[in-house]
Amino acid sequence: KGAAHDASQRLLEPFIYEPGAAEAGTVASYLGELQEAGFEIEPFSRGSFAISAIPAILRREGLDVFFRKLLDAASWERSHVERIRDRLLATIACHAAIKVHRPMSGSEMSHLMADLLAAANPFACPHGRPIIVDIRHFDIEKHFHRR
C-alpha cells in the first residue's frame, strides 16, 4: 500500500459509485492506482463500486463530481501507468483545493503559504498553471497609474 493510503479516511457508510458502462470498465482497470492513492474501492454490483475509504483531503459529498472530472479529463492510456497516477493525484489535489471566494482565517493563509513554499515546485499547480508570478514594481505602478 502506498504512502497516500496512510492519509485515507474511512467513511461511516460506503459510498456506492455508479458510473456508466464504459466508465465502469475504466474504473475497474485502475482499481490498483485508486487504492494506491488512498481509496478503498471494490466492485459492488452491476458496474457499481463500493468506496469505504477516500484520500483524507477529499470529501464524501464531492465524490461523484471527483470521479466525473477524473474520467472526463483522463484519456486513460494503459501503457502509461505513471501518467495515470500523476493525473489521479493531480485530480485529487485540484478537487480538494481551496476555491475562489472561500473565506480563510489568517492562520489558514499562513499554513497554506508555508505548505506552498515547502513544495518541490511552488510555482505551478499540478496541472502546470502558474501560482507564483514575478511582477516588477514598475508594472504595478503603471497598472495603478502611478507613472
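How many helices and strands are there in the protein?

**Figure 1. Overall fold of the predicted model.** The protein has six helices and three strands (DSSP runs, H or I of at least four residues for helices and E of at least two for strands, numbered from the N terminus), and along the sequence these follow the pattern β-α-α-β-β-α-α-α-α. Of the 147 residues in the protein, 29% are buried (buried means under 20% relative accessible area, exposed over 50% and partly exposed in between, with a 1.4 Å probe and protein chains only). Among contacts with a separation of 6 or more, 59% are between residues 24 or more positions apart, where contact means heavy atoms within 4.5 Å. Because this is a predicted model, local features need pLDDT of at least 70 and side-chain atom pairs count only at pLDDT 80 or more, whereas totals for chains, interfaces and linings use all residues. Residues are numbered from 1 along each chain as its sequence is written, and side-chain values use heavy atoms, with hydrogens and water left out.

**Figure 2. Close-up of helix 1, residues 21-29.** The buried residues of this helix are A24, T26 and V27. Seen down the helix axis, these buried residues fall within an arc of 165°, so they line one face of helix 1 (the arc is that of the directions from the helix axis to the C-beta atoms). On the other side of helix 1, A21 and A22 are exposed.

**Figure 3. Close-up of S48 in the loop between strand 2 (40-43) and strand 3 (49-55).** S48 is buried, with a relative accessible area of 7%. A polar atom of the S48 side chain lies 2.6 Å from the backbone oxygen of S45. Neighbours within four places in sequence aside, S48 is in contact with I16, Y17, E18, P19, E42 and P43.

**Figure 4. Close-up of the largest pocket, with a volume of about 820 Å³.** A pocket here is an open set of points on a 1 Å grid over the protein atoms alone, where a 1.4 Å probe fits, with protein on both sides within 12 Å along at least five of seven lines, and lining residues have an atom within 4 Å of a point; points are joined across faces, edges and corners, and the volume is the space filled by probe spheres set on them. The largest pocket is lined by 24 residues, of which A93, A97, L112, P126 and I131 lie nearest its centre. Helix 4 (81-96) and helix 5 (106-118) are the elements that give two or more residues to this lining, and the largest share, six residues, comes from helix 5. The lining divides into 16 nonpolar, three polar and five charged residues (Ala, Val, Leu, Ile, Met, Phe, Trp, Tyr, Cys and Pro count as nonpolar, Asp, Glu, Lys and Arg as charged, and the others, Gly among them, as polar).

How values were computed:
Polar contact = N/O pair within 3.5 Å; in protein donor to acceptor, adjacent residues only side chain to side chain.
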